[in-house]
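User: Could you take a close look at the charged side chains that pair up here, and at what surrounds them? I'm in my first year, so please go slowly.

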Amino acid sequence: MLAAIITLCGTTLLTSCVNEENSQESRQWLAKIQNTHWQMTEIFALPNRDSYEPEWIPAGDSNYLMIYDLSFDDKGHYSSNDMHNSFVVGRDITKHSGEYHVVGTKIYMHLLKTEYAAHGNYNLTIRDIKDNIMEAVVGWIPNYDYYDDGYGDYQMNMELDRDNMEYLIRLKRMPN
């Protein structure tokens, strides 16, 4: 009886996850980002240390985050060349790549390979894509190294950094 309940719950959860990733909304957003190449153009942040009100500032003026290059292929892989400023590590410029999945308007990115000792999970919550401009909230959780536990779940391995970051950004689609 207990085995039947566990099997039913596991099947229900798995089906729910698959259905969300295969939903019409997920497929529409996936079609908009597959085989695309992006560069950050603006960030909604404090323009300087004397300011208390965030505003849209050019990406090149940002000391917080800069995505020089972000690409999504049609096989579920992404690559990125970016900079973030961590209170613990300082300014970190790195190239990394991994897997991505689209669920609704959220792109979940799991880092698999990097040229620097950075680990973590990233996500973009797309607010809108108009023409060649994507507005999204980038959530960066670089503080944990995750590993696949063999059951389709990622488990936390160790703490690396305490800086969680979330920024509203705009990216421009670049020619492939």
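Analyst:
**Charged pairs and their surroundings**

Let's start with Asp74, which has 39% relative accessibility and so counts as partly exposed. The label comes from two cut-offs: buried is under 20%, exposed is over 50%, and partly exposed is what lies in between. Keep in mind that you're looking at a predicted model.

Asp74 has a partner, and that's where the pairing begins. Its side chain meets the side chain of Lys75 in a salt bridge, at 3.4 Å from N to O. Why do such pairs form? Side chains of opposite charge can pair when their charged atoms come close. As for Lys75, a relative accessible area of 63% makes this residue exposed.

How many salt bridges does the structure hold? There are five, and the pair you've just met is one of them. Another one joins Asp128 and Lys130, with the closest N and O atoms 3.7 Å apart. Asp128 is partly exposed, since its relative accessible area is 30%, while Lys130 reaches 56% and is exposed.

Now for a pair with a twist. The side chains of Glu135 and Arg127 also meet in a salt bridge, this time at 3.6 Å from N to O. Is Glu135 buried or exposed? Its relative accessible area is 19%, so this one is buried; remember that the cut-off for buried is under 20%. Arg127, on the other hand, is exposed at 52% relative accessibility. So this salt bridge ties together a buried residue and an exposed one.

The story of these two doesn't stop there. Glu135 and Arg127 belong to a network of salt bridges that also includes Glu42 and Arg170. To see where that network sits, let's follow Arg170 to a residue without a charge.

**From the network to a strand**

Arg170 is one of the residues touched by Met40. Count along the sequence and these two are 130 residues apart, yet their C-alpha atoms are 5.8 Å apart in space. Met40 has its place in strand β1, and with a relative accessible area of 3% it is buried. If we skip residues up to four places away in sequence, Met40 touches Ala59, Leu65, Met66, Ile67, Ile169, Arg170 and Leu171.

So which strands does β1 pair with? One is β11 (residues 165–174): the two pair in the antiparallel sense over seven bridges. In that pairing, Ile43 stands opposite Ile169. Ile43 also has a partner in β2, where it stands opposite Ile57. Strand β2 (residues 55–58) runs antiparallel to β1, and four bridges join them. Then there's β3 (residues 65–72), again antiparallel to β1, with three bridges between them. Here His37 stands opposite Ser71.

**Into the nonpolar core**

Ile169 has come up twice now, as a contact of Met40 and as the residue opposite Ile43. It shows up again in the largest nonpolar core, which has 32 residues; Ile169, Phe72 and Leu124 are the ones with the most contacts inside it. The largest share of this core, five residues, comes from β3.

Leu124 gives you a feel for how busy that core gets. Leaving out residues up to four places away in sequence, its contacts include Phe72 and Ile169. Among the others are Leu70, Met109, Met134 and Val137.

**A buried charged residue, and the wider view**

One more acidic side chain deserves a stop. Asp82 is found in strand β4 (residues 77–86), and at 4% relative accessibility it counts as buried. What does its side chain meet? A polar contact of 2.7 Å joins it to the side chain of His96, and another, of 2.8 Å, joins it to the side chain of Ser80.

Now zoom out. The chain has two helices and eleven strands, and from the N terminus on both helices come before the strands. Of its 176 residues, 35% count as buried. Links across long stretches of sequence, like the one between Met40 and Arg170, fit into a wider count: among contacts between residues at least 6 apart in sequence, 46% join residues at least 24 apart. Finally, the accessible surface of the chain comes to about 10,800 Å², and 53% of that belongs to carbon and sulfur atoms.

Notes. Residues numbered from 1 in each chain as written. Predicted model: local features only at pLDDT ≥ 70, side-chain atom pairs only at ≥ 80, totals over all residues. Heavy atoms only, no water. Pairing = 2+ DSSP bridges. Buried < 20%, exposed > 50% of the residue type's maximum accessible area, 1.4 Å probe, protein only. Contact = heavy atoms within 4.5 Å. Salt bridge = Lys/Arg side-chain N within 4 Å of Asp/Glu carboxyl O. Polar contact = N/O pair within 3.5 Å; in protein donor to acceptor, adjacent residues only side chain to side chain. Core = buried A, V, L, I, M, F, W, Y, C linked by side-chain atoms within 4.5 Å. Areas by Shrake-Rupley, 256 points an atom, 1.4 Å probe, with all protein chains shown as cover.
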